[in-house]
Amino acid sequence: MKLRDLLHEINHRFVRGDENAPISGIAIDSRLVKRGDLFVAIAGREADGHEFIPQAVENGAAAILVANGWAFGGDAPGDLSSGDASYDRGFGGASGASASFSVVSVPDTRVILSKIVNRFHGEPSRKFTLVGVTGTNGKTSVATLINHIWVKAGRRTGLLGTIENYCLGEVMEVRRTTPTNPDCVELGDIMSRMADRGVDYLVMEATSMGLKMGRVGSCDFDVAVFTNLSPEHLDDHGGMEDYKASKIKLFELAKSAVVNADDPASGEFIAHAKGSVIRYGVNGGASGCDLYAEGLEYSPDGVSFDLVSRETEIEGMPDVPDAGFSESGKPARRGDIPAGERARVNLSTPAPFAVYNALAAAAACVATGVSFKDVAAALNEPVEIPGRYEVVTSEDGVAVVVDYAHTEKALENLLEAVRSNPSYGRLISVFGCGGDRDPGKRAPMGEISGRLADYTIITSDNPRTEDPAAIIARIEEGIKPTGGAYETEPDRAKAVERAILSAKSGDVVVVAGKGHEDYQIIGREKVHLDDRETAEAALKRRNADENRKVAARFPHEFSEQA
């Protein structure tokens with residue numbers, strides 16, 4: 001593709017070079033530039049891509065995209081805007097460098113990036129039905145459930161998530177540079193590969209930072225799904241308003257929406273939806289929910305409920321025939337919910353948040369053409385989601401729940417769900433808070449564990465460059481006023497092991513915060529640590545008679561909360 005075609009209808013200025021230069025790829029990391037690529041220089045939080053232009057040129061970049069007003073400084077050989085031949089002399093002779101390269105200036109390289117990547121790959125998101133899931137908690141579970149329902153309904157599917165990326169049921173090998181949404185270059189490549197393999201339906205988690213940074217700004221979303229909203233990543237966003245506004249961006253991009261009507265913020269998300277909206281909730285018939293759960297029954301093994309659609313059909317949802325494809329070339333879909341439908345659903349996780357996750361997935365799948373009957377049937381089949389309410393039990397009846405809950409609301413929801421399970425005795429909580437971010441949640445999470453758990457072991461959770469003891473001290477500020485029994489153990493593996501070996505038969509140990517993650521970030525290094533592996537090893541020790549006899553006890557006994 002020619003450089004000028006990539007920049008068509010984009011505000012830009014050619015500084016130097018050939019606007020007809022052929023472009024064979026796009027890169028934002030100078031180390032990954034190949035001959036013929038366009039290097040897009042982006043100013044990030046820790047580094048400015050403009051400073052790495054020399055390396056990009058040396059690696060063979062055919063063109064450079066820079067931000068307006070930027071020019072080389074320091075000892076750089078020449079100024080991009082001057083046309084000084086010294087610049088060519090400095091890099092033209094380097095190994096792999098282009099004999100001549102173009103330079104283009106744009107108002108904001110980060111904003112432009114998603115547009116040119118999307119154009120380079122032929123707008124792949126227009127070739128399949130695309131659902132984006134956003135919210136503070138539940139994104140991974142909802143996206144996984146949507147993919148599961150689609151697969152059971154015979155769809156050719158893809159899933160972009162924080163755990164793994166799947167294409168037609170196979171794990172995709174991708175270069176992950178962020179823990180949230182892939183960067184624009186990665187995302188364009190992934191979507192292009194999925195389209196080439198014949199994916200018809202793709203669901204992706206849309207994170208607040210992915211939306212704020214414009215990584216998904218050129219994606220053609222058919223449905224936006226909102227799960228819930230509570231404080232998270234406030235150090236990145238500067239406050240709740242920016243955090244919320246970032247998530248709302250998804251609804252300004254999508255053609256229709258699915259919204260949790262029981263969340264206090266739902267009205268603002270609905271107000272920004274461009275098309276029709278499906279509202280879901282619990283016992284929501286009287287409040288106007290289009291899809292809701294009623295008749296909830298909890299047991300130690302799960303929860304069952306009636307999945308119900310409201311008595312009248314939803315107005316405005318797209319209704320296309322079953323011919324297979326719509327006029328736009330996308331797979332055909334019907335967004336209407338049949339009136340007055342009802343089906344019993346059984347889930348293996350005995351928690352209210354599991355019901356909400358199932359409702360969100362059900363609404364999204366009905367909005368993309370899956371029948372109510374097929375949705376209910378798929379929800380009744382077990383679905384494993386790594387690191388989400390994973391339960392293992394010892395031979396003498398000590399249960400261990402490993403979960404990713406790492407926000408205030410997620411921890412509260414998790415502990416409340418476990419506390420309400422009548423098959424468990426005392427609740428022992430093991431958790432920590434991440435370093436270098438969100439310090440405001442530390443004391444509140446301490447208060448939550450002190451209030452809901454019978455005993456708490458405060459430990460580390462990716463301390464990064466902070467002193468683990470300082471993080472733990474902030475958590476203690478929240479737990480002390482509750483009067484809840486607790487101790488501290490900065491070594492996470494030792495904390496998990498201690499909780500399991502010290503528990504009594506019938507106790508439940510909740511290990512929260514890392515879930516599927518298999519690492520701990522200490523300083524700037526990742527060290528292998530998997531809560532599930534640690535818990536399994538401790539349970540094996542516990543199951544051995546000789547170890548059970550010498551199991552360490554907590555510093556003082558504590559009784560189960562009433």
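In this predicted model, a polar atom on the side chain of Thr482 sits 3.1 Å from the backbone nitrogen of Gly484. Thr482 itself belongs to the loop that runs between helix H15 (468-479) and strand S21 (485-488). With a relative accessibility of 31%, Thr482 counts as partly exposed, since buried would need a value under 20% and exposed one over 50%. Leaving aside residues up to four places away in sequence, Thr482 touches Glu447, Gly450 and Arg451. Ser449 is 33 residues away from Thr482 along the chain, yet the two C-alpha atoms are separated by 9.1 Å.

Stepping back to the whole chain, there are 562 residues, and 54% of them are buried. The chain is built with 18 helices and 24 strands. Take the contacts whose partners have a separation of 6 or more: 71% of these join residues 24 or more positions apart. As for the outside, the accessible surface of the protein chain comes to about 23,200 Å², and carbon and sulfur atoms own 48% of that.

Helix H5 is a good one to look at in detail. H5 has 14 residues, which at 1.5 Å a residue should span 20 Å, and its end C-alpha atoms are indeed 20 Å apart. Of those 14 residues, 12 are buried, so H5 is largely enclosed by the rest of the structure. The buried set is an unbroken run in the list: Lys139, Thr140, Ser141, Val142, Ala143, Thr144, Leu145, Ile146, Asn147, His148, Ile149 and Trp150. Just after H5 comes Gly154, with a positive phi of about 85°.

Helix H13 (residues 408-419) passes the length check too: its 12 residues should span 16 Å at 1.5 Å a residue, and the end C-alpha atoms are 16 Å apart, which agrees. Its buried residues are Glu408, Ala410, Leu411, Glu412, Leu414, Leu415, Ala417 and Val418. In an α-helix there are 3.6 residues a turn, so residues three or four places apart point the same way. The cover over the buried residues of H13 includes three strands and two helices, namely S18 (399-403), S19 (427-431), S22 (508-512), H11 (352-367) and H14 (442-452).

Next come the aromatic rings. Searching the whole structure turns up 4 aromatic pairs. One of them joins Trp150 and Tyr201, whose ring centres are 5.2 Å apart with 50° between the planes, making the pair tilted. Trp150 lies in helix H5 (residues 139-152) and Tyr201 in strand S10 (residues 201-205), so this pair ties together parts 51 residues apart in sequence. Trp150 and Tyr201 are both buried. Another pair, Phe226 with Phe269, is stacked, because the ring centres are 3.9 Å apart and the planes meet at 15°, and stacked means an angle under 30 degrees. Here strand S11 (residues 223-226) supplies Phe226 and helix H10 (residues 266-271) supplies Phe269, so the pair ties together parts that are 43 residues apart in sequence. Phe226 and Phe269 are buried as well, and together with Phe251 they form one aromatic cluster.

Charged side chains also meet rings. Arg16 lies over the face of Phe101, 4.4 Å from the ring centre. Lys514 does likewise with Tyr519, at 5.2 Å from the ring centre.

A few loop residues round off the picture. Most residues other than glycine have a negative phi. Tyr389 has a positive one, near 50°. Tyr389 is placed in the loop between helix H12 (372-379) and strand S17 (390-393), and with a relative accessible area of 10% it is buried. Asp436 is not a glycine either, but its phi is positive at about 65°. Asp436 lies in the loop between S19 and H14, where its 39% relative accessibility makes it partly exposed. His50, in the loop between strand S3 (37-40) and helix H2 (53-58), has a relative accessibility of 3% and therefore counts as buried. The side chain of His50 reaches the backbone nitrogen of Ala67 at 3.1 Å.

Note on methods
Residues numbered from 1 in each chain as written. Predicted model: local features only at pLDDT ≥ 70, side-chain atom pairs only at ≥ 80, totals over all residues. Heavy atoms only, no water. Helix = DSSP H or I, 4+ residues; strand = E, 2+ residues; numbered from the N terminus. Buried < 20%, exposed > 50% of the residue type's maximum accessible area, 1.4 Å probe, protein only. Polar contact = N/O pair within 3.5 Å; in protein donor to acceptor, adjacent residues only side chain to side chain. Expected span 1.5 Å × (residues − 1). Contact = heavy atoms within 4.5 Å. Areas by Shrake-Rupley, 256 points an atom, 1.4 Å probe, with all protein chains shown as cover. Phe/Tyr/Trp six-rings, centres within 6.5 Å; stacked < 30°, edge-to-face > 60°. Lys NZ or Arg CZ within 6 Å of the ring centre and 35° of its normal.
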